[in-house]
Amino acid sequence: MVDLELTFEKNLSIGQKIEPRDWMPENYRKQLIRLISQHAHSEIVGMLPEGNWITRAPSLRRKIALLAKVQDEAGHGLYLYCAAETLGISREEMFDQLHTKKAKYSSIFNYPTLTWADIGMIGWLVDGAAIINQTTMAKCSYGPYSRGLLRICKEENFHKIQGMEIVGILCSGTNEQKEMAQESLNRWWWPSLMMFGPHDTNSPNSSDLMKWKIKIKSNDELRQRFVDMTVEQAKVFGLTIPDPELKFNTETRSWETGEINWDEFYSVINGNGLCNNERISARRSAYEDNSWVRDAATSYKIKKNKKAEAA
Amino acid sequence: MSTEQNKNEQWEIWEVFLQEKSGEPHSHAGSVRAADKEMALQNARDVYGRRDTINNIWIVKTKDITATNIEDKTSFFDSTDDKVYRHPQFYKLPDGIKDAFKKR
């Protein structure tokens, strides 16, 4: 037992990936299942706010881009469910946790997509923040998660760039279009900052996760990188960041924001966001209404196996 | 076949190996769930081949893969350590013979 733990720690210290059949501490397994399944749920629930605009995309070009993006999110969810399954949890169990609200997913998807500009903002801000998180997490110690994230990162860039194109076009359009973009940024800016999680001083799981290299950089470090990048991009778009306290620190050469409304963050996480119920009931009915497809495929397999046995 | 019975049956997990170009090795991409092999191939294409050009896909049921035991790693593999004579570095050549052709 002691030997196994030593080997595990030695492998971690030399940067070797931990693989499904390797020995690992029970809590490492538990934390990974929590983290990877939350990430998978976020990809799947993340399809809903954008799916809302597929039928109303303003052109065919936008429609095919949005369809491809939503399809990617489904694919990313599948990579991640597979990675979580290697740790011994079944997919049905994960679905059940999501559908009964036991599992969490990124709180950003509990906000509504009210205008077309929101599709641009999601690409620019939400996917932008996700890329910063995921490129860092791709260096994590668990092999299947790390490989899944590498695959996701390769595809995610298109999501961000198509969103920035939408924002750029609105910002160089009519006054109404510019206002639509600004109004949308006003709603999405703070929830995007919340995507990085609580401040390091309030992040209960962080130290274990860092020790095990399933977290590489702290929440605040990643959030700062996002703020510095996004504030400069907003200037190019001609948009105003909705934060009167935002100021440039000439010593650290980075942008300092006002305080995030953490009451809102915890309230949305605990189920009181605008769309929490809508998202889960959409997921549940998609799963239940389509159960006949799964049943038909299974019946077909059984029928074929019987035929093969008889032959 | 009753649906009740089907509900309890989970689709099997299949490992997916992709070959991007003809002549290259197939490498492991991840896994998919599917009821049968046709569906496993289609799911593998949809999940792992949305962008990159794929020349060929292999799928194999995860439960059919036999792998070496991680715990027995040392006893299973370390016998190669004492076979240094399988590497060219084991052999000694006269001075200058390696560069002889270059100096020509």
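The exercises below work through the two chains of a predicted model, each with a solution in steps.

Residues are numbered from 1 along each chain as its sequence is written, and chains are lettered from A and ligands numbered from 1 in the order in which they are written. Local features need pLDDT of at least 70 and side-chain atom pairs count only at pLDDT 80 or more, while totals for chains, interfaces and linings use all residues.

**Exercise 1. Describe chain A: which elements does it have, and how does its radius of gyration compare with the globule rule?**

Step 1. Chain A holds 13 helices and two strands; helices (H or I, at least four residues) and strands (E, at least two) are DSSP runs, numbered from the N terminus.

Step 2. The radius of gyration of chain A is 21 Å, and the globule rule gives 19 Å for 311 residues; the two are close, so chain A is as compact as a globular protein of that length. The radius is taken over C-alpha atoms, and the rule is 2.2 Å times the number of residues to the power 0.38.

Step 3. The C-alpha trace of chain A spans about 70 × 50 × 35 Å along its principal axes.

Step 4. Of the 311 residues in chain A, 35% are buried. A residue is buried if 20 or more other C-beta atoms lie within 10 Å of its own, exposed if 12 or fewer, and partly exposed in between, with C-beta atoms placed from the backbone.

Step 5. Take the contacts in chain A between residues at least 6 apart in sequence: 75% of them join residues at least 24 apart. Two residues are in contact if their C-beta atoms, placed from the backbone, lie within 7 Å.

**Exercise 2. Which elements of chain A have the lowest and the highest mean pLDDT?**

Step 1. Over chain A the mean pLDDT is 94, and 99% of the residues reach 70 or more. pLDDT is the predictor's confidence in each residue, from 0 to 100.

Step 2. Helix α9 (residues 206-211) of chain A has the lowest mean among its elements, 84, and helix α8 (residues 175-194) of chain A has the highest, 98.

**Exercise 3. Is A:Gly120 buried or exposed, and which residues does it touch?**

Step 1. A:Gly120 belongs to helix α6 (residues 117-137) of chain A.

Step 2. A:Gly120 has 27 C-beta neighbours inside 10 Å and therefore counts as buried.

Step 3. Leaving out residues up to four places away in sequence, A:Gly120 touches A:Gly163, A:Ile166, A:Val167, A:Leu170 and A:Ala181.

Step 4. A:Ser184 is 64 residues from A:Gly120 along the chain, and their C-alpha atoms are 9.0 Å apart.

**Exercise 4. Where do A:Lys101 and A:Lys213 lie, and what is the sign of phi in each?**

Step 1. Most residues other than glycine have a negative phi.

Step 2. A:Lys101 has a positive phi, near 65 degrees. A:Lys101 sits in the loop between α5 (91-99) and α6 of chain A, and with 11 other C-beta atoms within 10 Å it is exposed.

Step 3. A:Lys213 also has a positive phi, about 55 degrees. Its place is the loop between α9 and α10 (219-237) of chain A, and 18 other C-beta atoms within 10 Å make A:Lys213 partly exposed.

**Exercise 5. Give the order of elements in chain B, and analyse helix α2(B).**

Step 1. Chain B has four helices and three strands, in the order α-β-β-α-β-α-α from the N terminus.

Step 2. Of the 104 residues of chain B, 15% are buried.

Step 3. The 12 residues of α2(B) should span 16 Å at 1.5 Å a residue, and its end C-alpha atoms are 16 Å apart, which agrees. The expected span is 1.5 Å times one less than the number of residues.

Step 4. In α2(B) the buried residues are B:Ala40, B:Asn43, B:Ala44, B:Val47 and B:Tyr48. They cover an arc of only 105 degrees around the axis, so they are on the same side of α2(B); the arc is that of the directions from the helix axis to the C-beta atoms.

Step 5. These buried residues pack against α4 (60-85) of chain A, and against β1 (12-19), β2 and β3 (56-61) of chain B.

**Exercise 6. How many residues does each chain give to the contact between chains A and B?**

Step 1. Chain B gives 16 residues and chain A gives 22 residues.

Step 2. On the side of chain B that touches chain A, the elements giving two or more residues are α1 (3-7), β2 (27-34) and α2 (37-48) of chain B. β2(B) gives the most, with three residues.

Step 3. By class, that side of chain B has six nonpolar, five polar and five charged residues. Ala, Val, Leu, Ile, Met, Phe, Trp, Tyr, Cys and Pro count as nonpolar, Asp, Glu, Lys and Arg as charged, and the others, Gly among them, as polar.
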